[in-house]
Amino acid sequence: SSSSTFISPVAAAAAAEANNPRNKVFTVRPITSWIDKLAQRHGSPTSTSAQGNADSNKKYSKRELVLKTMQQSYTEIILPFATDKALLEEYINYGGTVRHGKIMEDLDALAGAISYKHCDDGKFESSPLTIVTASVDRIDFLKPFGVSDLRLSGHVTYVGYSSMEVFMKMEEINKDKPNEQGDTILVARFTMVARDALTGKAAQVNPLLLQNDAEKKLFQMGEDHKARKRLAADTALTKRPPTQDERFLIHDLYLEYSKYDNPQLKVKKPEDVEWMADTKMSAIQIMQPQDRNIHDKIFGGYLMRLAYELAFCNASVFIKYRPTFLALDEISFRKPVPIGTFLQLDSQIVFAEGGDHHSFQVMVKADVLDVRNGTRETTNHFWFTFTDPKRSEEEGGDGPKGYVTPRIMPRTYAESMLYLEGKRRRMEGAKLAQLNRKNLGL
C-alpha cells in the first residue's frame with residue numbers, strides 16, 4: 001500500500017516520505033500563515049498567499065468511495081529523543097523525562113492525519129472534507145518511560161457512516177533492533193468525524209475491507225466501544241438518578257461529613273480526608289494562532305495538553321508529591337475553540353478512596369470566554385486518572401510515618417454527583433486498562 005507523511009508538531013517529521021508516489025502530505029496543521037489569513041480577511045493586496053479565495057470558486061467533483069484496508073491508513077512517526085537533542089529539548093520536562101502533554105498533542109495530530117489518509121480517494125479535484133476529533137475515547141499509559149527513541153503509529157480500525165475509530169500506540173525502539181516491535185508504552189483510541197467542507201453536512205467515509213480474523217476482531221471492538229459509549233450516555237447522571245448502591249454511598253458520605261460539620265459532636269475531620277471544595281485550581285489562557293489547526297480553530301491536542309498540565313499541578317498539590325499519570329478517560333469535543341478567545345480551565349479532585357487505593361480522578365472543565373459578546377460556553381470536560389507513588393516510612397517509602405493517600409469528601413449533592421461520576425469512570429477505566437493489557441499480551 002502507498003505510504004504518506006504525518007505532519008508532527010516538530011519540524012523533523014514535516015518532510016514527505018520518499019516512497020510516497022504522489023508526494024501527498026496528510027496534515028491537520030495549517031499550511032497558510034496567520035498573517036496571510038488576516039490579509040485575506042481584510043482584502044489586503046499585500047497578502048503573500050497564492051491561494052486567495054480560489055477554493056471557494058473552484059468546481060469540485062463528487063468524492064468517490066474507495067474500499068480501503070486497515071493497512072492503507074497505517075501511519076507512523078519516529079521521535080528520536082535519544083539521538084536528537086534539539087527535538088528532546090522541545091519535549092523534555094523539568095525532571096528530565098518526556099512531557100505527557102506534548103505526546104497528547106502528537107496523538108491528536110496523528111489521528112487526524114490517519115483519518116485524512118483513510119478518506120483520500122486519490123483525486124485532487126474531489127470535494128474537500130473537514131475532519132475533526134469528535135472524542136478521545138481513551139488514552140492508557142501502560143508503563144513509565146524515559147528518554148529513548150519512540151515510535152508513534154496507528155490506523156483506522158472501525159468506520160461508521162461519517163465516523164472513524166483510530167487506534168494508536170507508542171512503543172520504545174530498541175536501538176539494537178530498531179525494526180522489531182518494542183515495549184508498548186501507551187495505547188489510545190480517538191473517534192474522528194468527517195464533514196463536507198462546502199456544505200458542513202456529514203460526509204460518508206471510505207468503507208473498510210477486513211482481511212483476516214485479527215482485523216475482524218479490531219472492527220468488532222470498535223462496535224463494542226460504540227455500544228459502550230451509547231450505554232454510558234443513556235445512564236449518565238445528568239439523565240438518570242444514581243443506582244441504589246450509589247444512593248446508599250451518598251447517604252454514607254452524608255452521615256460521615258455531617259459529623260465533621262456538627263460542632264456539638266466535636267468529631268475532628270481526619271488528616272487524610274480532604275474536602276472536595278478545597279481542591280479547586282484554575283488557569284486562563286489566551287488562544288493564539290500558533291496553536292490552530294487546519295480549520296483555523298484551536299488544535300484539540302493543545303487543549304488536552306493545557307488540561308493535563310493543570311490536572312498534574314492539582315494532583316501534585318493534593319498528594320504533596322509528583323503523581324504518576326495513568327489514563328485520560330473519554331472526552332467529547334462539544335464546540336470548537338476560536339482563536340482570540342480566553343480559555344478558562346477549572347480543575348478539581350473529584351474521586352479518591354484513599355488508604356490502600358492509591359489512584360484518584362481529576363476533572364478539568366474548559367470554558368470558552370468571549371469577552372466581546374460576554375458569553376461563556378463549556379467546550380470540554382477532561383477526566384484524568386493519576387496514582388500516588390508515595391509510600392509511608394513503614395512501607396519503605398519516602399513518605400512520613402503513617403502516610404496514606406488522601407481521601408476526598410463531598411459536602412453537597414452536586415459534589416456527590418461529581419464523586420459518583422469520578423467513581424464510575426475509575427471503575428470502568430480499570431476494566432478497559434485491563435482489557436488493553438490482555439489484548440497486548442502484557
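**View 1. Gln220 sits in helix H5, which covers residues 213-234.** This is a predicted model. Gln220 comes out as partly exposed, at 42% relative accessible area. Pick out Thr157 in the same close-up: 63 residues separate Gln220 from Thr157 along the sequence, yet their C-alpha atoms are 9.1 Å apart in space.

**View 2. Helix H6 runs over residues 244-261.** With 18 residues at 1.5 Å a residue, H6 should span 26 Å, and the distance between its end C-alpha atoms, 26 Å, agrees. Which residues of H6 are buried? They are Glu246, Ile250, Leu253, Glu256, Tyr257 and Tyr260. Look down the axis of H6 and these buried residues fall within an arc of 130 degrees, so they line one face of the helix.

**View 3. Two cysteines, Cys119 and Cys313, in a structure with zero disulfides.** Is Cys119 buried or exposed? Cys119 has a relative accessibility of 4%, and because buried means under 20%, Cys119 counts as buried. Cys313 is partly exposed, with 39% relative accessible area. As for disulfides, a search of the whole structure turns up zero.

**View 4. A nonpolar patch on the surface brings together Ile284, Ile286, Phe342 and Val371.** Together these residues have about 370 Å² of accessible area. One of them, Ile284, belongs to strand E11, residues 281-286. Ile284 counts as exposed because its relative accessibility is 51% and the cut-off for exposed is over 50%.

Definitions and conventions
Residues numbered from 1 in each chain as written. Predicted model: local features only at pLDDT ≥ 70, side-chain atom pairs only at ≥ 80, totals over all residues. Heavy atoms only, no water. Helix = DSSP H or I, 4+ residues; strand = E, 2+ residues; numbered from the N terminus. Buried < 20%, exposed > 50% of the residue type's maximum accessible area, 1.4 Å probe, protein only. Expected span 1.5 Å × (residues − 1). Arc of directions from axis to C-beta. Disulfide = S-S within 2.5 Å. Patch = residues over 30% accessible without salt bridge, like charges linked within 9 Å, V, L, I, M, F, W, Y side chains within 5 Å. Areas by Shrake-Rupley, 256 points an atom, 1.4 Å probe, with all protein chains shown as cover. Salt bridge = Lys/Arg side-chain N within 4 Å of Asp/Glu carboxyl O.
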